[in-house]
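Hi,

Here is the structure I said I would pass on. Have a look at it first, and my notes follow below.

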Amino acid sequence: MSYSLELRDVRKSYGDFQAVKGATFGVPPGTIFGLLGPNGAGKTSTIRMIMDITAPDSGEILMSGRPRISADLHRIGYLPEERGLYRKMTVFDQLLFLGELHGLGRAVLAKRIQSWLERLEIAAWGKKKIEELSKGMQQKIQLVGTLLHEPDLVILDEPFSGLDPINQGLFKEAFADLKRQGKTILLSTHVMEQAEKLCDHICLISNGRAVLDGELREIKRKWGGNAFTLRIEGDPQVLATLPGVDTLTVSPDDPQSAKVLLRPDANGADVLKQAIGLVRVHEFRSEEPDLEQIFIKAVRDGAQ
Amino acid sequence: MALNNTWVIARREYLSRIKTKGFWIGTFLLPAFILAVSILPSVFLARTKTSLRLAVVDETGRVATPLVQRLKEGKKSEETPAQATRRATQEVQSGRPSSAPPQPKASFDVTVEARQGEATAQRAALDSKVLDQSIDAWLWIGTGTLETGKVEYHGVSVSNVVTQERLENALTDVVRDLRLTDAGYDPVKVHTLLSSVDLSTVKVSAEGSKAEGGVAGFLLAYILFFLLYMIIAIYGQQVMTGVLEEKSSRIVEVILSAVKPSEMMLGKLAGIGAVGLTQLAIWLATLLLVTAPALGLTLAFIPGGIPTLPLAVVGHFLLLFVLGYFLFATFYAAIGSAFNDIREAQQAGASAMFLLVPPMLLGPMIINDPDSTLSVAMSLVPFFTPLLMMLRIAVKMPPLWQILLGYVLTTATVLFMLWVCAKIYRVGILMYGKKPTFKELLRWVKYA
């Protein structure tokens, strides 16, 4: 099986700063692929190279198993993190322009735009100028512009940033829809919870390096099974010193509660025993590890 | 380089600008102004054709008859000896040449009334005639007129300058001739002796010498020169603000996902340039119309009117606009892409204006001596060529090889500018945050 999109040891530096230090990953067709990592990890730099907006210093970018050529860009729908529209243009003209950039004819586009606007229940808005629209409405138009040329691969850089909850829901629905149509989606986000709910496949990036790459279920199984939540009297940080504890994160909502991830060889019951000898334990619960914890661990391990 | 992409960008750029009200207001304001200053005076002068019904009471008994004759002579273009004298003396007195006033075509319908009865009664009677509109005005030439030079004029409208000036001139001529005769001189002989000297300017060109209004020819050259300067500067700045707008509205990255930065920049330059050409075409058409000999329109304030605008000059003008525009607009595009806010960009953009200043300073020298070594050399400096070559072409067509050399050098510079600026543009357009230093800009150019 050839990947829909594949990167092989792609590197990029800006002056002395190495933004991407050898990105290698493959996006399987028909999946939602999450490119995860904190701000500044190199997600946008990587995506810009995929979009041929900037050129990699070295490495290969392949689409459907062969080196990407510029015509391939018309098979990609791209929603950048920094997005906007021409304020003075009408919705219709704006979408027409974006579609034409992908080489589509006006007649085809006019039909597609109409059906999109009808689908979003804003059919009457075609003649309105972008600046007359609400922010949420502009974001919908932007998404339509991304999908108008019916791309096989949709690349979304932080698609949920700046979206209100209603539009977040709408976007998620649209992504699920695309997946049902057999399209491939690559999205980047720094919000792990979103990725956890949406993605089939993830690649964790830290400091310009991929630290973890694989199917989400697979990763969870491999890294999970050894996660617990402890609620104690006092500061849970004391638990970090216990043998077998790998990572510890204190819950932001409840300062007396912490999630701990144990080393694969450690045993939950042993840790509990030791904890009881140290502090008063109110609660001990087995957990599925969340991506955030896995990420922290992976980053730390990757740095070693 | 996909032509389709550049075309789509250029078309959007062109249409979105052509569709604005501002463009059309700006486009028609200037021609409207030119037409106004060229046509309106003629229209106003034509209106004074309606004759002025004038009653004259002459107490001296000597002025009325020659005055009537003088006013009937009508066309002042044939300057009477008396007028020539008067102008000559005025020139001597004031120390400057009196510009020939617009030729009024006012005519007078004069009736000479005999002096009868009480002076006050007759004046009152004349006033009431003016009020019931059986006459428009009346003149009272008192007994002492020849000595005092004072004549009374009563009319409903006392502000018709053209008519009054003609009347005054005619009176002056008549009174002066009478005074000369009284003093024992022959007026005709005096006029001949005092007649002034005229310089007739002739422009020497390859097609043979032909007479041309000197001032007017230079004026046309200057009009073209400043028009070119203005439009290059205006549209260059438009490119800069357009690029900045795309950058700050963040649409640029969406476009760049389908189009190469160089295609985007070229499309933008072409689209805005086409808007400039459209505007120029409208302006030049107006200028051609105004200067067409068939229409015979004369700019009221220029003696002899402006000379005809040759089509070859128009052709060069358009070519030089395209070259000059690309020369400066690429620079502005690079600046627009490198900076984040309009004030920073304008500061940097001002440096482009420095390249437009030397042509401004050199302009008068070029006009004076378009073929001097310095003129030729300066007009071949790429950044000066559009403006200075235009000036030279308008004043006196330079040798073909010089024009071609100018075009070749400028085109080469444009290509170089496109190459450099596309590199800056490519990096700058996605660079947000602090404003770049000159060193950083240079480094962007060096990026592969």
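G34(A) sits opposite L187(A) of strand β8(A). That pair belongs to the parallel pairing of β3(A), residues 32–36, with β8(A), which is made over 5 bridges. Before I go on: this is a predicted model, so please read everything here in that light.

Which sheet do these two strands belong to? The answer is an open sheet of 6 strands in chain A, ordered β6-β7-β8-β3-β9-β10, with mixed pairing. β6 and β10 (209–215) of chain A are the edge strands; each has a single partner strand, so one side of each is left without a neighbour in the sheet. On average, neighbouring strands in this sheet are turned by 15° against each other, direction ignored. Helix α1(A), residues 43–50, packs on the sheet and touches β3, β7, β8 and β9 (201–206) of chain A. The direction of α1(A) makes about 150° with that of β7(A).

Now to β7(A) itself, residues 153–157. How many of its residues are buried? 5 of 5, so the strand is mostly covered by the usual count of 20 or more other C-beta atoms within 10 Å. In a regular strand, side chains alternate between the two faces of the sheet. In β7(A), both faces are covered: L153(A), I155(A) and D157(A) are buried on one side, and V154(A) and L156(A) are buried on the other.

The pairing on either side of β7(A) goes like this:

- β6(A), residues 76–79, runs parallel to β7(A) and is joined to it by 4 bridges. Here L79(A) stands opposite L156(A).
- β8(A), residues 184–189, also pairs with β7(A) in the parallel sense, over 5 bridges. Here D157(A) has S188(A) as its bridge partner.

Between β7(A) and β8(A) the chain passes through helix α5(A), residues 165–180, and this β-α-β crossover is right-handed. Another helix, α4(A), residues 135–147, lies across β6 and β7 of chain A, running at about 155° to β6(A).

Next, a residue that I'd click on: L85(A), in the loop between β6 and α2 (91–101) of chain A. Is it buried or exposed? L85(A) has 24 C-beta neighbours inside 10 Å, so it counts as buried. Leaving out residues up to four places away in sequence, L85(A) touches Q94(A), I130(A), Q138(A), I141(A) and Q142(A), as well as I251(B) from chain B. I130(A) is 45 residues from L85(A) in sequence, yet the two are 7.2 Å apart in space, C-alpha to C-alpha.

Finally, two backbone oddities to look at, both positive phi values in residues other than glycine:

- D9(A) has phi near 50°. It lies in strand β1(A), residues 5–14. With 13 C-beta neighbours inside 10 Å, D9(A) counts as partly exposed.
- R250(B) has phi near 65°. Its place is the loop between α9 (214–248) and α10 (252–256) of chain B. R250(B) has 15 C-beta neighbours inside 10 Å and therefore counts as partly exposed.

That's everything from me for now. Shout if anything is unclear.

Cheers

Note on methods:
Residues are numbered from 1 along each chain as its sequence is written. Chains are lettered from A and ligands numbered from 1 in the order in which they are written. This is a predicted model: local features need pLDDT of at least 70, side-chain atom pairs count only at pLDDT 80 or more; totals for chains, interfaces and linings use all residues. A residue is buried if 20 or more other C-beta atoms lie within 10 Å of its own, exposed if 12 or fewer, and partly exposed in between; C-beta atoms are placed from the backbone. Two strands pair if DSSP finds at least two bridges between them. A crossover is right-handed if, with the strands pointing away from the viewer, the path from the first strand over the helix to the second runs clockwise. Axes are lines fitted to C-alpha atoms, for helices over the stretch in contact, and angles run from 0 to 180 degrees between N-to-C directions. Two residues are in contact if their C-beta atoms, placed from the backbone, lie within 7 Å.
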